[in-house]
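Thanks for sharing this one. Here are a few friendly notes to read alongside the structure.

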Amino acid sequence: MFIKMSYQTIFPQIKILRNAYKDTKSPIWMKLIKIAQSSYKNKVVNINKIKTYSKDGDFVVCPCKVLGTGLIEHKITLASFGISLAAINKIIKSGGKVVDFEHMINQFPTGKGVIIIG
């Protein structure tokens with residue numbers, strides 16, 4: 001199963017990011033908006049890439065689709081625009097969690113500590 005990614009599902013998340021940028025003026029939120037609006041339909045990241053560029057305890061945001069190819073052995077917290085069920089299961093199995101953009105912004109209002117992969 002794959003959580004479908006379309007402009008209708010991404011637009012509310014972009015709106016959340018836009019509000020966060022207005023509130024904090026943190027450039028990371030605008031960067032995520034621009035990435036999402038450019039070509040969100042074609043961008044895909046596999047668990048293998050996330051594993052390579054993250055470490056235990058990292059908060060990772062992927063402004064794209066996340067697929068379950070590969071393994072991840074360390075805990076991460078992930079926010080993304082789309083994610084497969086296989087990827088969700090692998091992240092949870094490693095002790096991590098998958099959250100929405102509101103949770104990410106509440107936890108990291110300035111974006112400091114957030115890693116963008118995608």
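Which strand holds F81? The points below start there; please keep in mind that this is a predicted model.

1. F81 sits in strand 3. With a relative accessibility of 4%, F81 counts as buried, because that value is under the 20% cut-off. You may like to find V61 as well: the C-alpha atoms of F81 and V61 are 8.9 Å apart in space, while 20 residues separate the two in sequence.

2. On to the charged side chains. How many salt bridges are there by the rule used here? The count is two, and each gets its own point below.

3. One salt bridge pairs E73 with K51, with 3.9 Å between the closest N and O atoms. This pair connects distant parts of the chain, 22 residues apart: K51 belongs to helix 3 (residues 47–53), and E73 lies in the loop between strand 2 (58–67) and strand 3 (76–83). As for accessibility, E73 is exposed at 54%, whereas K51 is partly exposed at 30%.

4. The other salt bridge joins the side chains of K55 and D58, at 3.3 Å from N to O. Is each partner buried or exposed? K55 has 55% relative accessibility and therefore counts as exposed, being over the 50% cut-off. D58, in contrast, has a relative accessible area of 10%, so D58 is buried, under the 20% cut-off.

5. If you are viewing the model as you read, K55 and D58 make a good pair to display together: an exposed lysine and a buried aspartate that meet in a salt bridge.

Conventions: Residues are numbered from 1 along each chain as its sequence is written. This is a predicted model: local features need pLDDT of at least 70, side-chain atom pairs count only at pLDDT 80 or more; totals for chains, interfaces and linings use all residues. Side-chain values use heavy atoms; hydrogens and water are left out. A salt bridge is a side-chain nitrogen of Lys or Arg within 4 Å of a carboxyl oxygen of Asp or Glu. Helices (H or I, at least four residues) and strands (E, at least two) are DSSP runs, numbered from the N terminus. Buried means under 20% relative accessible area, exposed over 50%, partly exposed in between (1.4 Å probe, protein chains only).
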